[in-house]
Amino acid sequence: MRILMITLSLFALVGCAQVQAQDESFAIESLGDGIYVHHGVHLDIDDGYQGDICNASFIVGSKGVAVIDTGGSFKVGKQLREAIRKITPLPVIYVINTHVHPDHIYGNAAFLNDKPQFIGHDKLANAMELRHEAYAKLNARLLGADAQASELVKPTMTVKTTLELDLGDRKLTLTAHPVAHTNTDVSVIESKASTLFTGDLLFIDRTPVLEGDIKGLITEVQKLKNSPAKQVVPGHGPVTKDWIVALNNDERYLSVLLTDIRASIKKGESMESTMNTAAASEKDKWVLFDIANRRNVNTIYPALEWE
């Protein structure tokens with residue numbers, strides 16, 4: 001029951017040239033220097049979740065392509081792979097998952113025939129195994145036919161602390177984070193254009209969500225401010241060069257939420273009541289605030305009761 005409740009919440013997570021993929025609805029944003037991003041839409045389950053709500057990126061180097069997150073279904077992964085093939089014939093040699101949430105990992109299967117290294121946090125494989133049954137049931141219910149072939153593909157290479165990957169004319173440095181958004185968070189920075197891919201350690205526009213540890217997430221957001229990045233690709237939302245502002249916005253929301261929940265617990269207010277009041281001052285600053293914020297309270301309140 002606990003796993004099911006968590007996984008239901010996970011599905012809520014969720015000028016540059018525009019390059020059109022084979023499916024005209026699957027747009028790719030070129031950031032220059034061989035870096036491309038497909039932006040998922042800001043949808044919640046009740047708005048028609050279709051597996052395409054997160055950012056899926058790829059980097060073209062002289063040796064091959066690295067993909068960072070693959071979407072929430074085989075269908076989305078296939079669209080991403082077709083978009084890559086329209087841009088370069090170079091092989092996909094790395095597929096990196098920034099964390100375990102289903103909207104980021106179920107497109108992996110579309111790349112199996114490329115035989116890349118699938119890369120993730122040292123705890124990712126175990127997290128995938130623990131969630132496999134619940135995720136499969138949710139995929140079948142929410143995605144219908146699009147869930148077909150959306151199998152879990154576990155990492156063949158893991159990141160315990162840091163890992164460096166060679167794309168030829170650029171290097172990727174992967175960092176495994178302590179428990180924050182999840183217990184499987186990995187960020188990526190590439191050397192040529194100094195682009196940081198945060199996964200869901202950073203949300204822009206869409207309400208930040210977490211299942212891990214709010215205090216840990218605040219700490220990791222603060223650490224990201226020391227990055228040498230020139231631009232940042234968040235897990236959800238637009239690419240930004242004003243990434244310090246974006247991180248500050250996330251930190252502000254999370255800090256307000258933490259303070260308000262602690263205050264409610266101290267006053268003896270119920271979790272249900274706290275869902276209606278915590279971080280209310282942030283309501284007009286984020287997309288999907290009402291449903292995402294309530295789910296955050298549902299996750300955080302029980303943990304903070306034991307502080």
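Me: What does "buried" mean for a residue?
Reply: Buried means under 20% relative accessible area. Over 50% is exposed, and partly exposed lies in between. Note that this model is predicted. Now take strand β12, residues 195-203. Nine of its nine residues are buried, so the strand is mostly covered.

Me: Which strands pair with β12, and in which sense, parallel or antiparallel?
Reply: Look at each partner in turn. β11, residues 186-190, pairs with β12 in the antiparallel sense over three bridges. β13 pairs with β12 in the parallel sense over five bridges.

Me: How do I follow one residue across these strands?
Reply: Pick a bridge and step over. Start at Ile 189, whose bridge partner in β12 is Leu 196. Then go on from Leu 196 to its bridge partner in β13, Val 232.

Me: Where do side chains point in a strand?
Reply: In a regular strand they alternate between the two faces of the sheet. Keep that in mind as you look along β12, where nine of nine residues are buried.

Me: How does the chain get from β11 to β12?
Reply: Through a hairpin with four residues between the strands. Ser 194 in this hairpin takes a positive phi near 50 degrees. Ala 193 is also in the loop between β11 and β12.

Me: Is Ala 193 buried or exposed?
Reply: Compare its value with the cut-off. Ala 193 has a relative accessible area of 10%, so it is buried. Beyond its sequence neighbours up to four places away, Ala 193 touches Asp 33, Ile 35, Lys 230 and Gln 231. For a sense of distance, try Val 297, which is 104 residues from Ala 193 along the chain. Their C-alpha atoms are separated by 38 Å.

Me: What about Asp 33, one of the residues that Ala 193 touches?
Reply: Asp 33 lies in the loop between β2 (27-32) and β3 (35-38). Its relative accessible area is 45%, so Asp 33 is partly exposed. Its phi is positive, about 55 degrees, although Asp 33 is not a glycine.

Me: Which other residue has a positive phi without being glycine?
Reply: Asp 69, with phi near 70 degrees. Asp 69 sits in the loop between β5 (65-68) and α2 (74-87). At 2% relative accessibility, Asp 69 counts as buried.

Me: What does Asp 69 touch?
Reply: One of its contacts is Asn 97. Asn 97 is in the loop between β6 (92-96) and α3 (102-105). Its relative accessibility is 2%, so Asn 97 is buried. Leaving aside neighbours within four places in sequence, the contacts of Asn 97 also include Thr 70, His 104, Leu 124, Met 128 and Val 186. The side chain of Asn 97 reaches the backbone oxygen of His 104 at 3.3 Å.

Me: How does the chain get from β12 to β13?
Reply: By way of a helix. β12, helix α5 (residues 214-224) and β13 make a right-handed β-α-β unit.

Me: What comes after β13?
Reply: A loop leads from β13 (231-236) to α6 (243-267), and Thr 240 is found there. Its relative accessible area is 15%, so Thr 240 is buried. A polar atom of the Thr 240 side chain lies 2.9 Å from the backbone nitrogen of Asp 242. Not counting residues up to four places away, Thr 240 touches Ile 204, Gln 231, Val 232 and Ala 246.

Me: Why look for a nonpolar core?
Reply: In soluble globular proteins, nonpolar side chains tend to be buried together. Here the largest nonpolar core has 31 residues. Ile 214, Leu 257 and Ile 261 touch the most other members. β12, α5, α6 and α8 (289-304) each supply at least two residues of this core. α6 gives the most, with eight residues.

Me: What surrounds Ile 261?
Reply: Beyond its neighbours within four places in sequence, Ile 261 is in contact with Thr 274, Ala 278, Val 297, Ile 300, Tyr 301 and Leu 304. Another core, of 22 residues, lies apart from the largest one. Its members include Val 37, Ile 96, Leu 174 and Phe 197.

Me: Which feature does UniProt place on this chain?
Reply: The unreviewed UniProt entry places "domain: Metallo-beta-lactamase" at residues 53-236. That span is 27% helix and 29% strand. Its end C-alpha atoms lie 7 Å apart.

Methods:
Residues numbered from 1 in each chain as written. Predicted model: local features only at pLDDT ≥ 70, side-chain atom pairs only at ≥ 80, totals over all residues. Heavy atoms only, no water. Buried < 20%, exposed > 50% of the residue type's maximum accessible area, 1.4 Å probe, protein only. Polar contact = N/O pair within 3.5 Å; in protein donor to acceptor, adjacent residues only side chain to side chain. Contact = heavy atoms within 4.5 Å. Pairing = 2+ DSSP bridges. Right-handed = clockwise from strand over helix to strand, strands pointing away. Core = buried A, V, L, I, M, F, W, Y, C linked by side-chain atoms within 4.5 Å. UniProt positions renumbered as here; feature names shortened; annotations may be inferred.
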